[in-house]
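Here's a quick tour of a protein model, written for someone just getting started. Have a look at the picture, then follow the bullet points topic by topic.

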2 protein chains.
Amino acid sequence: MVETIEWTPAGVVMIDQTRLPLHEEYVTCRTYEEVAAAIRTMVIRGAPAIGVAAAMGVALGVAHAAGGDAGDLDAQVEQICDTLARTRPTAVNLFWAIDRMRKLYQSLRGRPLAEIRERLAAEAQLIRLEDIAINQAIGRHGADLVPDGKTVLTHCNAGALATAGYGTALGVIRAAVEAGKKVDVFADETRPFLQGARLTVWELQQDHIPATLITDNMAGHFLKSGRIGCVVVGADRIAANGDVANKIGTYSVAVLAKENGVPFFVAAPISTLDLTLASGDLIPIERRPDAEVTHVFGHAVAPEGTMVENPAFDVTPNRYVTAIITERGVARAPYTESLRVMAS
Amino acid sequence: MVETIEWTPAGVVMIDQTRLPLHEEYVTCRTYEEVAAAIRTMVIRGAPAIGVAAAMGVALGVAHAAGGDAGDLDAQVEQICDTLARTRPTAVNLFWAIDRMRKLYQSLRGRPLAEIRERLAAEAQLIRLEDIAINQAIGRHGADLVPDGKTVLTHCNAGALATAGYGTALGVIRAAVEAGKKVDVFADETRPFLQGARLTVWELQQDHIPATLITDNMAGHFLKSGRIGCVVVGADRIAANGDVANKIGTYSVAVLAKENGVPFFVAAPISTLDLTLASGDLIPIERRPDAEVTHVFGHAVAPEGTMVENPAFDVTPNRYVTAIITERGVARAPYTESLRVMAS
């Protein structure tokens, strides 16, 4: 399996997810601004993966920060963190990772710059390794929930490419397959950015897990057909009450799953929880550029001057969520209680 | 407004709906085989429009049929009708139109060939004109149902391009606007063939009705948001119990509308009713080529060798349908009763 993101002497290396699956190319971000640009333009995407990217961005920024008095370094670190935080608003893992790096920096103030740099770089690499271990734990907890001999439906890409490795939703599927379950996957193509068609199908092909591509509007038809055993998706932010912000279209899949008696599972690390928000109504929803909708790979699919809405995420109310699978176990309703306990 | 389909001395002229909206091109079908190919490849699509096309195809076939004894002409007519009937399986208007033409032919057997040709050509043109009048009547009946000052959501293209003119679902919207209602339209792009992005948005722009393009997976999000006043879609076949086969994704929109208390209307001519089928489970669902899903305008959006499902239609159970708007009025549940009365 290719690596989603790595810390190297040359900089932060990422597989370019805007070019997959037709081109397997890597980009090297040599400055924190380049990391920020890579997050904004979705060279790297997926809540856990952009958390790792932001942490590495902070470490990279400090690696290149000018030496001098601590006050000046403080200001530079704030500038670095601000720039990385202004890339994408919805996934809370981004802010969680930046906060973790900022707090570590604050604990190191006054120490030699070389030591600060080394510690921040080590922390960013630790966040990456932790994320892989977390996803494997999510997989172990989730594998039991996947019905044997049926199809798993997933939306967007919550796989190795959306994380440091193994994946959240696809981690659950991988763990189910490793446990000997006979499952295949239906992947929603996930317009407008086509993460399902471009990334999920590609990832599953690498792992020889049978994957069938459908357009987003087919999911309901197949949920009604009886062949789907469960839905597993990732999350970009989960409010204290269990409302889930995830890729646009997730809400629709959740409603259609419930309507047809199919379990709907969310797989996400604890760092995706935002217990400061009482409900999902408070989660900021990113609006992406019109051209993502009006064009596919640069080819216009709509007339000139077409008006567009392009919310990148939606919020699935907790009543549609059968369970939330984290590295610490499986949370069920009432989520305000179960998530609080799980996070503590 | 451009014409969807016309009978001309040179042949049957259609606007090429595979080329819209970037190219406004017309094709002239000079043989019934060319009409059949145009239906199969979706140069013309939309249940009422392919009904008109099939009728014109029969007339065109007979116009070129070899003269001679009646038995031979009978065989040729059967060959023509069979070829046209084997183009697409789901929309019943196709079979309705062919049956109407076949019955007229049978009533004319033994008459001079020139007269038969003239009568069949006149009948096909009559079906076209009737369709426009039917759509205007559907619009009149439906306009009252459209909430003022809200957004109407539609799926696929059930507009002038899907009919001989004016449209079914878009006819209801046009009539609401003509009645002075302030409405705008959200158009699902309707993957894989993008009828919403390519055709619905284009049509509404021509009529200066404000239209906003969304991807199919955004419909649920906006139905939840409160801005959608009603959904109006067309239909390809309606069973005796009111189950509706329509473009893939319609079922999902219907479930999401009901879940959010938004009325879901189906606009279709009586010729879309198939009272021989007790329920929608019996409606044959066309499977279209994989490449429609894996490619957009020839550009691959998925890895080589991707497995695909591509059902072109789904069935919306009658319990999600608020009303069915026909040229004879508005049918409501229980549909087995109301549709039987309306069709008789």
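## A bridge between two chains

Let's start with one handshake: A:Arg191 and B:Glu189 meet through their side chains in a salt bridge, with N and O 2.7 Å apart. Keep in mind that this is a predicted model. That bridge belongs to the interface of chain A and chain B, where 3 salt bridges are found. From there we'll look at how the two chains are arranged, then go inside each of them.

**Where chain A meets chain B**

- Besides the salt bridges, there are 21 residue pairs in polar contact between chain A and chain B, counting pairs with both residues at pLDDT 80 or more.
- Which parts of chain A supply at least two residues each to the side that touches chain B? They are helix H7 (195–206), strand S6 (211–214), helix H8 (219–225), helix H9 (250–259), strand S13 (299–300), strand S14 (307–308) and strand S15 (313–316).
- Sorted by class, that side of chain A holds 32 nonpolar, 15 polar and 10 charged residues.
- In the contact, chain A takes part with 57 residues and chain B with 57 residues.
- Together the two chains bury about 4500 Å² between them, and 65% of this lies on carbon and sulfur atoms.

**How the two copies are related**

- Turn chain A by 180°, with 0.0 Å of shift along the axis, and it superposes on chain B with an RMSD of 0.0 Å.
- The two copies are therefore related as by a two-fold rotation axis.
- Both copies use the same surface: 100% of the contact residues of chain A recur in chain B.

**Two domains inside chain A**

- Now zoom in on chain A, which is divided into domain 1 (5–135) and domain 2 (141–343).
- How many residues does each domain of chain A bring to the contact between them? Domain 1 brings 29 residues and domain 2 brings 34 residues.
- Going by C-alpha atoms, the centres of domain 1 and domain 2 of chain A are separated by 25 Å.
- About 2600 Å² is buried between domain 1 and domain 2 of chain A, with 57% of it on carbon and sulfur atoms.
- On the domain 1 side, the residues that lose the most area to domain 2 of chain A are A:Arg45, A:Thr90 and A:Asn135, which together make up 25% of what that side buries.

**What links those domains**

- The count of salt bridges between domain 1 and domain 2 of chain A is 1.
- A:Arg88 and A:Glu286 form a salt bridge, and their closest N and O atoms are 2.9 Å apart.
- There are also 17 residue pairs in polar contact across the interface of domain 1 and domain 2 of chain A, again with both residues at pLDDT 80 or more.
- Three elements of chain A each give two or more residues to the domain 1 side of this interface: helix H2 (47–63), helix H4 (92–108) and helix H5 (113–143).
- Of the elements on that side, H5(A) gives the most, with 5 residues.
- By class, the domain 1 side that touches domain 2 of chain A has 15 nonpolar, 7 polar and 7 charged residues.

**Backbone spots to look up**

- Remember A:Arg191 from the opening salt bridge? The peptide bond from A:Arg191 to A:Pro192 is cis, with omega near 5°.
- A:Pro192 sits in the loop between strand S5 (184–188) and H7 of chain A.
- Over in chain B, B:Leu20 and B:Pro21 are joined by a cis peptide bond, with omega about 0°.
- You'll find B:Pro21 in the loop between strand S2 (11–15) and strand S3 (26–29) of chain B.
- A:Cys156 has a phi near 60°, a positive value in a residue other than glycine.
- Look for A:Cys156 in the loop between strand S4 (151–154) and helix H6 (169–178) of chain A.

**One residue of chain B up close**

- B:Asp74 is part of helix H3 (residues 70–85) of chain B.
- Which residues does B:Asp74 contact, leaving aside its neighbours within four places in sequence? They are B:Tyr105 and B:Arg109.
- With B:Tyr105, B:Asp74 makes a polar contact from side chain to side chain, at 2.5 Å.

Note on methods: Residues numbered from 1 in each chain as written. Chains lettered and ligands numbered in written order. Predicted model: local features only at pLDDT ≥ 70, side-chain atom pairs only at ≥ 80, totals over all residues. Heavy atoms only, no water. Least-squares fit on C-alpha atoms with pLDDT ≥ 70 in both. Contact = heavy atoms within 4.5 Å. Domains from an automatic or database assignment. Buried area = accessible area lost by both parts, 1.4 Å probe. Salt bridge = Lys/Arg side-chain N within 4 Å of Asp/Glu carboxyl O. Polar contact = N/O pair within 3.5 Å; in protein donor to acceptor, adjacent residues only side chain to side chain. Helix = DSSP H or I, 4+ residues; strand = E, 2+ residues; numbered from the N terminus. Nonpolar A, V, L, I, M, F, W, Y, C, P; charged D, E, K, R; others polar.
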